[in-house]
Structure formats: structure tokens, C-alpha cells
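Please consider the following report on a protein chain, prepared for a reader at the bench. It proceeds from the chain as a whole to selected residues.

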Amino acid sequence: LTHIETDLGNVILTIDGIDSHMRLGVTPRGELTVSQFSARQVTLQFKAEPPPADKKVATPMPSHIHIPLPFQLQSGTIERLTIKQGASRTYIEHIQFDLHADNAHLQFRIMDAASPWGNLQTTFDMQNNAPFPVSGWLALKQPQGETPYYLRTELQGDLSRLQLTSTHHYQPGAKPYAIVPVTSQTQNDQTQGDQMQDHQTQDVIQLDASIGLDAARSSHLNFHLKNLQASHLHPQLAGKLDLQILAEGSLTDDGVIHVTVDAGDSQLQQQALTVRGTASLSGTQLLAVDILAQLDQNTFKLQGGADTASPATTQLQWQANMPTLEQCMPAFAGQLSGQGSLRHGPAQTTANFELHGQQLRLPQGLSLPSLQASGQVSSQSQAPLKLSVQLNGLAQQDTQGNSSPPIDATLTLQGSLAQHQLALQQLGLSPEQCVAI
């Protein structure tokens, strides 16, 4: 026996390259023991979801899984697991696992596996009666990358709905992981008393999710960043972030997900930070979005959604009004305002913007009394491409307080993506001194 293929309803399971040297045995209690099993390739092929008109009443869940002979797999190896969903492919390799199953329950454990998200480990126990209650945990360890992480989530529920809960600490710069479960001892933690209590309530990432596994796929997700120190985003930022994202709806192809965002009692640069918004999605299509972010007098708005005349096209409008830039970042100051739009459809993406700045102070001692900018871009190679930037009074001050002579300059870009011209001119110079590309 080197090949197995079976239809599991929504999934076709295929096993290839089964080792012909499996070691079998039977215990005095009549339990089959497989001490060793290996397979070269296991494939899970998810079937395409039928059109709404062709959908039938879902097959009722069986009362139990009939297992003719209780068995225990002591050591199993799968070289590669391929998960196919439409054109998507996910590969999990070098899987080491064990399994125990009988008519009362099934116990499954993965000791080690290499996934696209890191090293995977899991264990769960499922009772063998409808709706098949499940309990266990899942862990991912990824020591590479800019933010190495060790994630662990608890699993509860059944085969109609699965609950996931986890709480982690974010500790940038720590080794080997910047994100760790709260159950793990935080690396390099030498704090005591009140300092320990403060540490445990800061930089917390909480996740509470409920995923529907039935035909309706009704799901719920609550993601909460709690007391995240703003200095993690930039060393010059002070304050804390308290961001909560709630998503509810159906995960089917034509289902709708509703998302709400709220920054709670977040503070930035000693000012209250407000972030409130809603969004609706169907698959990868953004149906509607309305978000407001405000810090002191500075505001940013994003609105839009599906075009009523062309539902496959998304249209967004943004508007920014920042009269006190120094509240957003200490190295900046002045006034900045702007607006723009983005239109994304099957054939092309277009965007345009306007930006106005006054009495700007920038890093490296730069100052800019006036800034005017506008542009229009498109993903189509022959569509018009326009960009205009006008700088008035650009100067730089050194550490002794000496300023360079102010510069007035204009940068223009015209043409298309396929063919365009870039020109830079310092005002007050002759046309021959203009730089054109």
C-alpha cells in the first residue's frame, strides 16, 4: 500500500509514497499499534464552492466517527503537506506527529513541522461524538526576521465552531523572541514589585476569535493592543496606544465581514489620540470604509467603498488637516493640509492628490516656509502622469545657528509611465540652468 485517496466531503485527501516498512502490532486489549509510519506527500484539495443557485442543504454532521479497531500511531513522518485552495498553495514540511484514536476520542500531536509562518507545534483532543468537542493548543516559533516571535493560542470548541484565545507580550530587542506568550518568562526581565506589575500590563497583545466551520462560516475576531508604548514605533514618540479591532461576519466567498476600529484611551505626545472607524468587506472587495484619526487639532479622514455604478471598483477619498505638526512628531513643526483620492478597478488604478504646507520645520535643521504639491498617477502605461512640487524658502540651519541662503525651486513631472520628463528648476536662474531628465 503506497497510495491512498479519499473524499472527506469538502476536501479530497491524498497520501502518496507510504513507507512499505510500517511496523504493526496488536496489544492484548485488541488495540492496533503502528510504531512507525512515513509518507512522502499528503495533499488536502479543498473543493470549489458551488454557485449560490447550486448549493444544496448541508449534509448533517454524523453522530460519531466509526473506528473499527482502536489504534495508536507512535511515530509518524510526513515529508510535505500541500494544502490547495483554488490557485493558492500552502506547504508544510518535515512533519513529525503521533495519533491515538478509538470510539471515545482522538488525540493528535505535532511535535515539529516547518510552516511558512515558522516552526509549528500543536496538540489537541477531540471527543468522538457530535458536535465533536475539541480542546488543545497551537504554537508557532519564528526566530528570524525583524520581529521574531513565539506565538501560542489555546483551542476550544467543536467541529462547527472553533474558539482561539491568546495573550502575548511585545518586548522589542529581546532575544530570541520579541513577542512571547504571557505564560513564558520574559527574557531579560529583572524588574521587581510595582515595576513587575507595570511590565505585565504594558505592551500586551490579546486575541479572542471564534471561527465558524459550518456552511455559514459565521465568525468573530477581537484583536486588542493594550498599553503599547509609542516609543516602539519611533524613539521620539511618547505615550501609549490602546487599539481594538473587532470583526464579525461570514467567511464564505460571498459573505460580508464588518470591522470596527477604536483607539480607546490612547495618548500620544501628552494628547488624547482618537481613532474610530468602520469597514465592510466581501471576500477581497472593500464595500465601505469610514475612518477618523485625531490628535489635538490634527485630523485625518478616509472614506469610500465600492462604486455604485461599478461594484468591482473601489473608490477612496482622504483628507488631512494638521495645523500643529509638532504634536505628531517632535522633529517636525508647522502646518500641513491635503486631500486626494484613489480609484482601484479591474483594469487600472488611478490616484490624485494636493498638499499644502506652511512654516514647516523638518529634521536635519531644514525649514520650509511654503510647500505646494499636486499630482495625478495611473497604473496604465499610456495614461497621463503629472506631478508638481513647489518649494519656497528652503533653508538649513547648522548646529551653530547659521542658516543657508533660502532656495525657491520647482519640480515637475509630465507625460506617462511609458514616457515622461522630469524637470528641476531653481527660481532666479536662467532656463539654461534648469535640470531636465
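The report below covers the overall make-up, strand pairing, aromatic rings, nonpolar cores and two individual residues.

This is a predicted model, in which local features need pLDDT of at least 70, side-chain atom pairs count only at pLDDT 80 or more, and totals for chains, interfaces and linings use all residues. Residues are numbered from 1 along each chain as its sequence is written, and side-chain values use heavy atoms, with hydrogens and water left out.

**Overall make-up**

The secondary structure comprises one helix and 28 strands. Helices (H or I, at least four residues) and strands (E, at least two) are DSSP runs, numbered from the N terminus. Of the 437 residues, 30% count as buried; buried means under 20% relative accessible area, exposed over 50%, and partly exposed in between (1.4 Å probe, protein chains only). The protein exposes about 25800 Å², and carbon and sulfur atoms supply 55% of that area; these areas come from the Shrake-Rupley method with a 1.4 Å probe. Among contacts (heavy atoms within 4.5 Å) with a separation of 6 or more, 41% are accounted for by residues 24 or more positions apart.

**Strands E8, E9 and E10**

Strand E9 (residues 134-142) pairs with E8 in the antiparallel sense over eight bridges, and with strand E10 (residues 149-157), again in the antiparallel sense, over nine bridges. Two strands pair if DSSP finds at least two bridges between them. Glycine 136 of E9 stands opposite phenylalanine 124, and glycine 136 also stands opposite leucine 155 in E10. The hairpin of E8 and E9 has six residues between the strands, and phenylalanine 132 in its turn has a positive phi of about 60°. The hairpin of E9 and E10 likewise has six residues between the strands; there glycine 145 takes a positive phi near 95°.

**Aromatic rings**

The structure holds four aromatic pairs. Rings of Phe, Tyr and Trp (its six-membered ring) pair if their centres lie within 6.5 Å; planes under 30 degrees apart count as stacked, over 60 as edge-to-face and the rest as tilted. Two of the pairs are set out here.

| Pair | Centre to centre | Angle between planes | Class |
|---|---|---|---|
| Phenylalanine 108 and phenylalanine 124 | 5.6 Å | 50° | tilted |
| Phenylalanine 300 and tryptophan 318 | 6.3 Å | 20° | stacked |

In the tilted pair, phenylalanine 108 belongs to strand E7 (residues 105-115) and phenylalanine 124 to strand E8 (residues 118-127), 16 residues apart. Phenylalanine 108 is partly exposed at 22% relative accessibility, and phenylalanine 124 is partly exposed at 28%. Ring pairs also link Phe97, Phe108 and Phe124 into a cluster.

In the stacked pair, phenylalanine 300 lies in strand E20 (residues 298-306) and tryptophan 318 in strand E21 (residues 314-322), so the pair ties together parts that are 18 residues apart in sequence. Phenylalanine 300 counts as partly exposed at 29% relative accessibility, as does tryptophan 318 at 24%.

Charged side chains also sit over rings, a description that requires NZ of Lys or CZ of Arg within 6 Å of the ring centre and within 35 degrees of the ring normal. Arginine 80 lies over the face of tyrosine 91, 4.4 Å from the ring centre. The charged end of lysine 141 is placed over the ring of tyrosine 150, at 4.8 Å from its centre.

**Nonpolar cores**

A nonpolar core is a set of buried Ala, Val, Leu, Ile, Met, Phe, Trp, Tyr and Cys residues joined through side-chain atoms within 4.5 Å. The largest has 34 residues, of which Phe37, Val42, Ile95 and Phe97 touch the most other members. Strands that each supply at least two residues of this core include E2 (11-16), E5 (71-85), E6 (88-101), E14 (218-229) and E18 (271-282). Leaving aside neighbours within four places in sequence, phenylalanine 97 is in contact with residues including Phe37, Leu73, Ile78, Phe108, Ile110 and Met111. A second, separate core of seven residues includes Ala247, Ile257, Leu286 and Leu316.

**Two individual residues**

Threonine 33, in strand E4 (residues 32-46), is buried with a relative accessible area of 13%. Beyond its neighbours within four places in sequence, threonine 33 contacts Arg23, Leu24, Gly25, Thr27, Gln72 and Gln74.

Glutamine 364 lies in the loop between strand E23 (349-362) and strand E24 (366-378), and counts as exposed at 65% relative accessibility. With neighbours within four places in sequence left aside, glutamine 364 is in contact with Gln396 and Gln397. The C-alpha atoms of glutamine 364 and aspartate 398 are separated by 8.4 Å, although these residues are 34 apart along the chain.
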